[in-house]
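These are my notebook entries on a structure that I am looking at for the first time. I write down each thing that I looked up, in the order in which I came to it.

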Amino acid sequence: MHDSYKTLSDFTVTVASAQATCPDEDIVYSPFRPWFSFDYGPIRGDCWTAAICTFDQADSARNQQFAATALVMGLLPMVFRDIAWPERRVVLVSSPLPALAEIIVRALGLEPVVKGDVAGWSSEDSERWIDWLRRSSIAGAALRSRSHAMVVVFVSLFALLASYAGLALVEIYSKRSALGCVYPVIALTWCLVGVIPGAIHWLFESYRRRGVEKGSESGDTRASAVQGADQQWPVQFSWGLYYIIGTLVYTSIMAVTPVELFVWVVTMSVVSGAGKMLALYICLMLRSPA
């Protein structure tokens, strides 16, 4: 009981001291001004001080707006990585990808499936998908030649790295995540650690393929907007945990103004789009179905 009281007392003192060093400038509505750009007086401020000052000085309407933008921010990971791409998540390949390529493709949000192994897809559906690929000036660029495929892979890789750099800058110079007070690029890290559930997915998929070869497993893959929906529970759990963490990370980004929210949405759409294009081009370069 005494320890709990002491902890609460220490927290109260911390909040009070942070309020005493709040900057004279308007910190409540200060888009793209990081915490370290404000003058906190004789006592040096930190990320937590900036957060305390922002919420303490904001009126009820502004705090309600912060809560609403946090809700929208929490939807970004699922919307841009999953919900926005249900029909194009499946990428047909001529044969299974190499292990590293398959992990990266799944980490970027696509599902490579051997042509003819998609449950519910007839041969006409597969040919329709390939026809769409050939007709698309962007997606079909990798089908022209091997050299074209390598060029578009490197271009899309550069675009993805540039979008990752933009995401890091937005996270640093926008309002920081509560987790980001300790580690400043937590949103970018979440994008990168998608290779972990991707590796788990590949591991169980490789076991499934061995079962198909022995005749003990079905070779069909169900097309779904949810990654790992047709896999065993460890795969589903790893992807579910990954998206729960992503929702937590993005929801905890504090005091986002409307203009910052717009930039976050644009940045995440670019990151997701560049990642999807890179994954598609990797599949077409290594195992083109056409």
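Entry on the salt bridges. I began with Arg106, which forms a salt bridge with Glu102, and I noted that the closest N and O atoms of this pair are 2.5 Å apart. I keep in mind throughout that this is a predicted model. Looking up where the two residues sit, I found both Arg106 and Glu102 in helix α4, four residues apart, which is about one turn of the helix.

I then asked whether Arg106 is buried or exposed. Its relative accessibility is 0%, so I entered Arg106 as buried. For Glu102 I also found 0% relative accessibility, and therefore Glu102 is entered as buried.

Next I looked up Glu111, whose side chain meets that of Arg106 in a salt bridge of 2.8 Å, taken from N to O. Glu111 has a relative accessibility of 10%, and because buried means under 20%, Glu111 counts as buried. Putting these entries together, I recorded that Glu102, Arg106 and Glu111 are linked in a network of salt bridges.

How many salt bridges does the count come to? I wrote down three. One of them joins Asp131 to Arg135, with the closest N and O atoms 2.8 Å apart. Asp131 and Arg135 are separated by about one helical turn, because they are four residues apart in helix α5, which covers residues 123-135. Here I looked up the accessibility of each partner: Asp131 counts as partly exposed at 34% relative accessibility, whereas Arg135, at 68%, counts as exposed.

Entry on helix α4 and its partner. Having met helix α4 through its salt bridge, I looked up how it is placed against helix α10. The axes of α4 (residues 99-107) and α10 (residues 258-287) come within 9 Å and cross at roughly 150°. Angles over 145 degrees count as roughly antiparallel, and so I entered α4 as roughly antiparallel to α10. I added that the crossing of α4 and α10 is left-handed.

Entry on the surface. Which residues make the nonpolar surface patch of about 550 Å²? I listed Tyr29, Phe32, Phe36, Leu169, Tyr173 and Val259, and then looked up two of the residues on this list in turn.

Phe32 lies in the loop between α1 (2-20) and α2 (47-57), and its relative accessible area of 32% means that Phe32 is partly exposed. I also noted the backbone of Phe32, where phi is near 60°, a positive value in a residue other than glycine.

Tyr173 lies in helix α6, which covers residues 146-173. With 39% relative accessibility, Tyr173 counts as partly exposed.

Entry on Thr189. I found Thr189 in helix α7, which covers residues 186-192. Thr189 counts as partly exposed, because its relative accessibility is 22% and the partly exposed class lies between 20% and 50%. Last, I looked up the separation of Thr189 from Ala168: the two are 21 residues apart in sequence, and their C-alpha atoms are 9.2 Å apart in space.

Conventions. Residues are numbered from 1 along each chain as its sequence is written. This is a predicted model: local features need pLDDT of at least 70, side-chain atom pairs count only at pLDDT 80 or more; totals for chains, interfaces and linings use all residues. Side-chain values use heavy atoms; hydrogens and water are left out. Patches are made of residues with over 30% relative accessible area and no salt bridge: like charges are joined within 9 Å, nonpolar side chains (Val, Leu, Ile, Met, Phe, Trp, Tyr) within 5 Å. Accessible areas come from the Shrake-Rupley method with a 1.4 Å probe; for residues, only the protein chains shown count as cover. A salt bridge is a side-chain nitrogen of Lys or Arg within 4 Å of a carboxyl oxygen of Asp or Glu. Buried means under 20% relative accessible area, exposed over 50%, partly exposed in between (1.4 Å probe, protein chains only). Axes are lines fitted to C-alpha atoms, for helices over the stretch in contact, and angles run from 0 to 180 degrees between N-to-C directions. Angles under 35 degrees count as roughly parallel, over 145 as roughly antiparallel, 65 to 115 as roughly perpendicular and the rest as oblique. A crossing is left-handed if the near helix is turned anticlockwise from the far one by less than a right angle, and right-handed if clockwise.
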